[in-house]
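Ready to get to know a new protein model by working through it a bit at a time? Grab the viewer, try each exercise yourself, and then check the solution.

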Amino acid sequence: MRYIAWVSPTLDAPCTPDTPDDWSTRHSVLTTARRTAALINALADDSPDPADVADVLRAYGEAEPVDLTAGDVSGMRAAADLLREVFATEHADGAAAVLNRLLREHTGPLRLTSHGGSTPWHPHLDHDDNAPWDEWLLASSCMALAVLLWDRQRPPGRVCTSLSCRNVFITQGSGPERRYCSRRCATRERVAAHRRSRSMERPGD
């Protein structure tokens with residue numbers, strides 16, 4: 001349980017049986033962090049549909065069966081709220097402080113597991129290979145976000161700055177830092193700013 005069976009190398013590429021089964025891709029830090037962001041967004045509603053949350057897990061390669069109860073989703077939603085705090089920070093110091101608190105209060109000691117010999121050895125921070133979904137989400141996410149912060153020395157992600165969006169996203173690369181979760185949000189904000197500018201130029205309209 002909680003072992004990713006397969007993940008596409010890119011989020012836009014479909015998962016197909018013909019795609020090479022690369023363990024490092026399936027378990028990469030960036031893939032895990034992107035899964036964290038996707039789950040936080042899926043769990044942002046007041047009453048997330050367990051089927052929708054399960055679909056996100058499947059999209060990131062979680063092996064069947066993925067049977068989530070309302071109780072599972074409630075616990076995962078609480079975990080997602082805690083993780084959202086990491087994305088809301090502006091600087092590395094703030095993100096590190098939040099992650100240190102989450103690691104201290106909500107995860108177990110670092111351990112290695114091979115899931116009974118069914119997988120290569122890899123690290124976990126949850127207490128057991130069959131830990132509840134909420135504990136697994138919080139532990140695996142904290143590990144991935146902490147490694148990204150360590151590697152880049154900046155917050156691993158952001159909250160979309162569009163006023164009409166609550167989505168979080170993972171920042172990456174060496175170019176200008178992203179402000180929006182998607183091109184759609186960026187375009188919407190540019191259009192809104194253009195309309196505000198034109199309105200100010202024509203106060204009599």
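Below are six exercises on this predicted model, each with a worked solution.

**Exercise 1. Getting your bearings**

Work out how many helices and strands the chain has, and in which pattern they follow along the sequence.

*Solution.* Start by counting: there are seven helices and four strands. Next, read along the sequence, and you get α-α-α-α-α-β-β-α-β-β-α. Now for the chain as a whole: it has 205 residues, and 40% of them count as buried. Finally, take the contacts between residues at least 6 apart in sequence; 51% of these join residues at least 24 apart.

**Exercise 2. One alanine and its surroundings**

Find the helix that holds Ala42, decide whether Ala42 is buried, exposed or partly exposed, and list what it touches beyond its sequence neighbours.

*Solution.* Step one is location: Ala42 sits in helix α2, which covers residues 29-42. Step two is accessibility. The relative value for Ala42 is 22%, and buried would need under 20% while exposed would need over 50%, so Ala42 counts as partly exposed. Step three is contacts: if you skip the neighbours within four places in sequence, Ala42 touches Pro48, Val53 and Val56. One more thing to check in the viewer is Arg77. It is 35 residues away from Ala42 in sequence, yet the two C-alpha atoms are 9.0 Å apart in space.

**Exercise 3. A pair of rings**

Track down the aromatic pair and say why it counts as edge-to-face.

*Solution.* The structure holds one aromatic pair. Its members are Trp133 and Trp136, with ring centres 5.5 Å apart and planes at 90°. Planes over 60 degrees apart count as edge-to-face, so that is the label for this pair. Now see where the two sit: both are in helix α6 (residues 133-152), three residues apart, or about one turn of the helix. That fits a general rule: an α-helix has 3.6 residues a turn, so residues three or four places apart point the same way. As for accessibility, Trp133 and Trp136 are both buried.

**Exercise 4. Checking helix lengths**

Compare the spans of α6 and α4 with what you would expect at 1.5 Å a residue, then find out what the buried side of α4 packs against.

*Solution.* Take α6 to begin with. This helix has 20 residues and reaches 28 Å from its first C-alpha to its last, close to the expected 28 Å. Then do α4, residues 70-88: its 19 residues should span 27 Å, and the end C-alpha atoms are indeed 27 Å apart, which agrees. Next, pick out the buried residues of α4, among them Val73, Met76, Leu83, Arg84 and Phe87. The buried residues of α4 pack against the helices α2, α3, α5 and α6, and against the strands β3 and β4.

**Exercise 5. Two helix packings**

For α5 with α6 and for α3 with α4, work out how the helices are oriented to each other.

*Solution.* For α5 and α6, the packing angle is about 150° and the axes are 10 Å apart. Angles over 145 count as roughly antiparallel, so that is how α5 and α6 run. Their crossing is left-handed. The contact includes Leu99, Leu102 and Leu103 of α5, along with Leu138, Leu145 and Leu149 of α6.

For α3 and α4, the angle is about 65°, with the axes 10 Å apart. That makes α3 and α4 roughly perpendicular, and this crossing is left-handed too. Here Pro50, Val53 and Leu57 in α3 meet Ala70, Val73 and Met76 in α4.

**Exercise 6. Backbone oddities**

Find where the cis peptide bond is, and say whether His115 and Gln153 are buried or exposed.

*Solution.* Keep the usual picture in mind: most residues other than glycine have a negative phi, and most peptide bonds are trans. The cis bond joins Glu64 and Pro65, with omega about 0°, and Pro65 lies in the loop between α3 and α4.

Now the phi values. His115 has a positive phi, near 50°, and sits in the loop between β1 and β2. With a relative accessible area of 12%, His115 is buried. Gln153 also has a positive phi, near 60°, and comes just after α6, in the loop between α6 and β3. At 57%, Gln153 is exposed.

How values were computed:
Residues are numbered from 1 along each chain as its sequence is written. This is a predicted model: local features need pLDDT of at least 70, side-chain atom pairs count only at pLDDT 80 or more; totals for chains, interfaces and linings use all residues. Side-chain values use heavy atoms; hydrogens and water are left out. Buried means under 20% relative accessible area, exposed over 50%, partly exposed in between (1.4 Å probe, protein chains only). Contact means heavy atoms within 4.5 Å. Rings of Phe, Tyr and Trp (its six-membered ring) pair if their centres lie within 6.5 Å; planes under 30 degrees apart count as stacked, over 60 as edge-to-face and the rest as tilted. The expected span of a helix is 1.5 Å times one less than its number of residues. Axes are lines fitted to C-alpha atoms, for helices over the stretch in contact, and angles run from 0 to 180 degrees between N-to-C directions. Angles under 35 degrees count as roughly parallel, over 145 as roughly antiparallel, 65 to 115 as roughly perpendicular and the rest as oblique. A crossing is left-handed if the near helix is turned anticlockwise from the far one by less than a right angle, and right-handed if clockwise.
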